[in-house]
Number of protein chains: 2
Amino acid sequence: MTHHGEVTRSPARLRRLPTRLLSLAAMLSDRLVNEGLAHADARKWHYAVLATLEEAGPVSQAELSRRTGIYRSDVVAVINELAGRGLVERAPDPADRRRNVITMTRQGLDRLRSLDAVLAALEDEVLAPLTGPERDQLTGLLTRLVDHHAGSTGCA
Amino acid sequence: MTHHGEVTRSPARLRRLPTRLLSLAAMLSDRLVNEGLAHADARKWHYAVLATLEEAGPVSQAELSRRTGIYRSDVVAVINELAGRGLVERAPDPADRRRNVITMTRQGLDRLRSLDAVLAALEDEVLAPLTGPERDQLTGLLTRLVDHHAGSTGCA
DNA sequence: AGGTTCCGTTTGTGACACTAACGTTAGTTA
DNA sequence: TAACTAACGTTAGTGTCACAAACGGAACCT
């Protein structure tokens, strides 16, 4: 629920620009997702970290940064938030005292499960106008875009 | 050219999430586009405004806001920048003294032409991994996504 | 004349990607 | 063993962007 009800037509020039469409679509999608997650007292990084921990087991913060794409500087705050909620535990690594080992707690796993559901519903809302095969098509195309450009930046 | 060369695999869970793919792709695309435009002393809003002016002729700032999706608060700065470069002229509307009428100058039109070229090249770079038909598919899917969700927010 | 709505503008906020620097620790090489 | 290099976690800060809130002025409507 935001504002101006009257939608004026934007120029065809702009409407067809794929890059514009892309950031516009991402913006709308992000908005829905962030709202939905906020409503569940979470942010998308929370999910990313928890999902990574489930797949990879306990890892260092730097490793989390690499796998999720969160900047190394920002991992700190995310872990703080998760640890503050008891979803994750931060402990110094005895084997390498530079590292912190991040471990998911039982509550963290439960949380991940519920976020899985929340996110699935949100995905469904975002992709509402597309059929199943079309959704696959879209993710396929996007994946190829991302993979192609990820090489130059290093983001996974 | 950013940083970390070693790309660690991100969890399959995350890689397949359409919403994540969408914002990731948009991020990479935006980065390329912004860099390219900055290199030409422009920003994407400059292009959006100039393109709108060419299609719609002289209009008020509020109208520009509606057509481009720029927030009404932010139009001011964009017009300042464009006017400062002599690409656009801001004049009070004699018919309605609340309004400013924004008119594209001759230089503005030239600028729009060159930005057209810059942007076409950037589009091509972003969509590099996709074939022609695939690009159409992508813009088609994205358009449907955007149109579907634009109704609820009001953005064009 | 009064109330409502639109206009342009200023100021501010919160989120996010990103940079820079520091102290600590590990590995590597001299 | 000593010195260099590189990775780690952390703090602080930058710039950008979408967005909100409030204002004075001007138009419209009754």
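## Exercises on a protein pair and DNA strand D

The surface near DNA strand D is made up of twelve charged, six polar and five nonpolar residues, where Asp, Glu, Lys and Arg count as charged, Ala, Val, Leu, Ile, Met, Phe, Trp, Tyr, Cys and Pro as nonpolar, and the others, Gly among them, as polar. This is a predicted model, in which local features need pLDDT of at least 70 and side-chain atom pairs count only at pLDDT 80 or more, while totals for chains, interfaces and linings use all residues. Residues are numbered from 1 along each chain as its sequence is written, chains are lettered from A and ligands numbered from 1 in the order in which they are written, and side-chain values use heavy atoms, with hydrogens and water left out.

**Exercise 1.** Determine which residues come nearest to DNA strand D, and which part of the strand faces the protein.

*Solution.* Begin with the 23 residues around the strand (a heavy atom within 4 Å of it), of which A:R31, A:A62, A:R66, A:R72 and B:Y71 come nearest. Sugar and phosphate then make up 70% of the atoms of DNA strand D that come within 4 Å of the protein. Next, look at individual phosphate oxygens: one is 2.5 Å from a side-chain N or O atom of A:R66, and one is 3.4 Å from a side-chain N or O atom of B:W45. Finally, assign the surface to elements: those giving two or more residues are helix 2 (18-39), helix 4 (61-68) and helix 5 (72-84) of chain A, together with helix 5 (72-84) of chain B, helices being DSSP runs of H or I with at least four residues, numbered from the N terminus.

**Exercise 2.** Describe the contact of chain A with chain B by its area and its polar pairs.

*Solution.* Start with the buried area (accessible area, 1.4 Å probe, lost by two parts on being put together, summed over both), which is about 6,700 Å², 63% of it on carbon and sulfur atoms. Then count the eight salt bridges across the interface, each a side-chain nitrogen of Lys or Arg within 4 Å of a carboxyl oxygen of Asp or Glu; the side chains of A:R13 and B:E54 form a salt bridge with an N to O distance of 2.8 Å.

**Exercise 3.** Work out what rotation relates the two chains.

*Solution.* Superposing chain A on chain B (least squares on C-alpha atoms of residues with pLDDT of at least 70 in both) takes a rotation of 180° with 0.0 Å of shift along its axis, at an RMSD of 0.1 Å. That is the relation of a two-fold axis.

Notes. A polar contact is a pair of N or O atoms within 3.5 Å; within protein, one must be able to donate a hydrogen and the other to accept it, and residues adjacent in sequence count only if both atoms are side-chain atoms.
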